[in-house]
Amino acid sequence: MGQLFEALKQDILYEHGMNACLNCGVCTAVCPAAEFYEYSPREVMNTVQSEDDELIEALLKSDQIWYCGQCFSCKTRCPRGNSAASVILALRRLSVRLGYFAESEKGRQQLIAKRVFGQNMLDRGYTLLAKNITPEHFPELGENWEYYYEHMAEMREWWGVPMDLENSPGSHRQIPTADLDELRAIYEKTGAIALMDAVEAGMEKKLGNKSEVEKYWQTWLETGDSRDYPLPEAD
Ligand code: SF4
Ligand code: SF4
C-alpha cells in the first residue's frame with residue numbers, strides 16, 4: 001500500500017464512497033458520462049482498489065477523474081453501496097493538492113472553475129452571475145439572451161430587482177458583508193481556499209510562470225476553449 005492510497009484513504013469522501021468494489025460495471029452502465037467519453041467509473045474504482053500507487057498516480061494525472069458530472073446515478077445502483085462519485089471527488093481533491101491535475105487538459109480547466117465559480121463564491125456568495133454567460137461563449141442561447149445580456153441593468157430595474165440589490169431574488173443580488181465574511185471563514189477553515197491556491201500554484205508549475213497562466217486564462221476568455229492555448233514545450 002503506497003503513500004497516495006494512504007492519502008486518499010484519509011479523505012472522508014473516500015471512506016463514504018468505497019466499501020469494496022465487485023467490479024460488476026453497473027455504475028458504468030448507468031453513467032451518462034461513460035456514454036460520451038472514454039470513461040468508466042468501474043475502471044476508476046478498480047484502479048483505486050488496487051492500492052497501487054503507480055496506477056493511482058496515473059489516474060490522478062489523467063482526464064478520467066474530470067469527466068464525471070457528479071449526478072450520483074452510480075451511487076443509487078451500486079450493489080455494494082459504493083459511490084464512485086464520492087471517490088472521484090476525493091481523487092480530484094488529491095490531484096489538486098499535489099498539482100497533478102495540471103497534467104491533464106480537463107484538469108487544467110480547474111483554473112477556469114476556480115477563477116469563475118470559486119471567485120464568485122468569495123466575492124458574491126454564489127457561483128454564477130448572468131454576466132459570466134457571455135453571448136460569445138454561449139451562442140446557442142440565441143438573440144433573446146444577447147438582448148438581455150446587453151440590457152441587463154435596465155431590464156432588472158424594470159422588473160423591480162435591480163442589479164446588486166441586497167438580498168434580492170435571482171442572480172446579481174448582493175449578499176450582506178457580514179454573511180460573506182462568514183462564508184469566507186468557512187472556506188478558509190474547510191480548506192477550500194487552500195485548494196483554490198493549489199490550483200493557481202499547480203498551473204504555474206505546469207506552464208512555467210504566472211504570465212503563461214494569464215495567457216491560458218486570456219485564451220479561454222477570448223475563445224471559450226482552453227484547448228486553444230498551446231502548451232509550452234516540455235524540457
Ligand atoms: S456498481 Fe459498485 S460494485 Fe459495481 S463496479 Fe461500480 S462501484 Fe464497483
Ligand atoms: S456521478 Fe459521475 S461516475 Fe457516477 S454516474 Fe454520474 S457521471 Fe457517472
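# Close-up views of a predicted, all-in-one-chain helical model

**Figure 1. The largest cavity holds about 100 Å³ of space.** This is a predicted model, and a search through the whole structure turns up one cavity of 30 Å³ or more. Its lining is made by 14 residues, and those closest to the cavity's centre are Cys 21, Cys 24, Cys 27, Cys 78 and Asn 82. Sort that lining by class and you get nine nonpolar, four polar and one charged residues. As for what belongs in there, the space taken by ligand 1 is this very cavity.

**Figure 2. Here is ligand 1 with its neighbours around it.** Start with the cysteines: Cys 21, Cys 24, Cys 27 and Cys 78 are among the residues that surround ligand 1. Joining them in the shell are Leu 22, Asn 23, Gly 25 and Val 26, along with Arg 42, Met 45, Pro 79 and Asn 82. Two helices chip in with at least two residues each, namely helix 3 (26-30) and helix 5 (41-49). The shell around ligand 1 splits into eight nonpolar, three polar and one charged residues.

**Figure 3. Ligand 2 has a shell of its own, made of 13 residues.** Which residues come closest to ligand 2? They are Cys 31, Cys 68, Cys 71, Phe 72 and Cys 74. Helix 4 (32-36) gives at least two residues to this shell, and so does helix 8 (73-77). No charged residues turn up around ligand 2; the shell has ten nonpolar and three polar ones.

**Figure 4. Helix 9 runs from residue 84 to residue 98.** From its first C-alpha to its last, this helix of 15 residues reaches 21 Å, close to the 21 Å expected at 1.5 Å a residue. Is helix 9 mostly covered or mostly open? Mostly covered, with eleven of its 15 residues buried. The buried stretch at the start takes in Ala 84, Ala 85, Ser 86, Val 87 and Ile 88. Further along helix 9, Ala 90, Leu 91, Arg 92, Leu 94, Ser 95 and Val 96 are buried too. A handy thing to keep in mind while looking: an α-helix has 3.6 residues a turn, so residues three or four places apart point the same way. Right after helix 9 comes Gly 99, with a positive phi near 80°.

**Figure 5. The largest pocket offers about 1,300 Å³ of space.** It takes 40 residues to line this pocket, and Gln 110, Ile 112, Ala 113, Lys 114 and Phe 117 are the ones nearest its centre. Which helix gives the largest share of the lining? That would be helix 11, with twelve residues. Helix 11 (110-124) has company, though: helix 9, helix 13 (177-190), helix 14 (192-207) and helix 15 (210-223) each bring at least two residues to the lining. By class, the pocket lining has 20 nonpolar, 13 polar and seven charged residues.

**Figure 6. Met 203 is a residue of helix 14.** Why does Met 203 count as buried? Because its relative accessibility is 0%, and anything under 20% is called buried. For a sense of distance, look over to Tyr 39: its C-alpha atom is separated from that of Met 203 by 24 Å, and the two residues are 164 residues apart along the chain.

**Figure 7. Glu 51 has a positive phi without being a glycine.** The value is about 60°. You'll find Glu 51 in the loop between helix 5 and helix 6 (53-60). With a relative accessibility of 31%, Glu 51 counts as partly exposed.

**Figure 8. Asn 167 is another non-glycine residue with a positive phi.** Here phi is about 55°. Asn 167 sits in the loop between helix 12 (142-159) and helix 13. Is Asn 167 buried or exposed? Exposed, because its relative accessible area is 53%.

**Figure 9. Stepping back, the protein chain has 15 helices and zero strands.** Its C-alpha trace spans about 60 × 45 × 40 Å along the principal axes. Of the 235 residues in the chain, 41% are buried.

Definitions and conventions: Residues numbered from 1 in each chain as written. Chains lettered and ligands numbered in written order. Predicted model: local features only at pLDDT ≥ 70, side-chain atom pairs only at ≥ 80, totals over all residues. Heavy atoms only, no water. Near = heavy atom within 4 Å. Helix = DSSP H or I, 4+ residues; strand = E, 2+ residues; numbered from the N terminus. Nonpolar A, V, L, I, M, F, W, Y, C, P; charged D, E, K, R; others polar. 1 Å grid on protein atoms, 1.4 Å probe; cavity = no way out; pocket = protein on both sides within 12 Å on 5 of 7 lines; lining within 4 Å. Points joined across faces, edges and corners; volume = space filled by probe spheres on them. Sits in = over half its atoms within 2 Å of the grid points. Expected span 1.5 Å × (residues − 1). Buried < 20%, exposed > 50% of the residue type's maximum accessible area, 1.4 Å probe, protein only.
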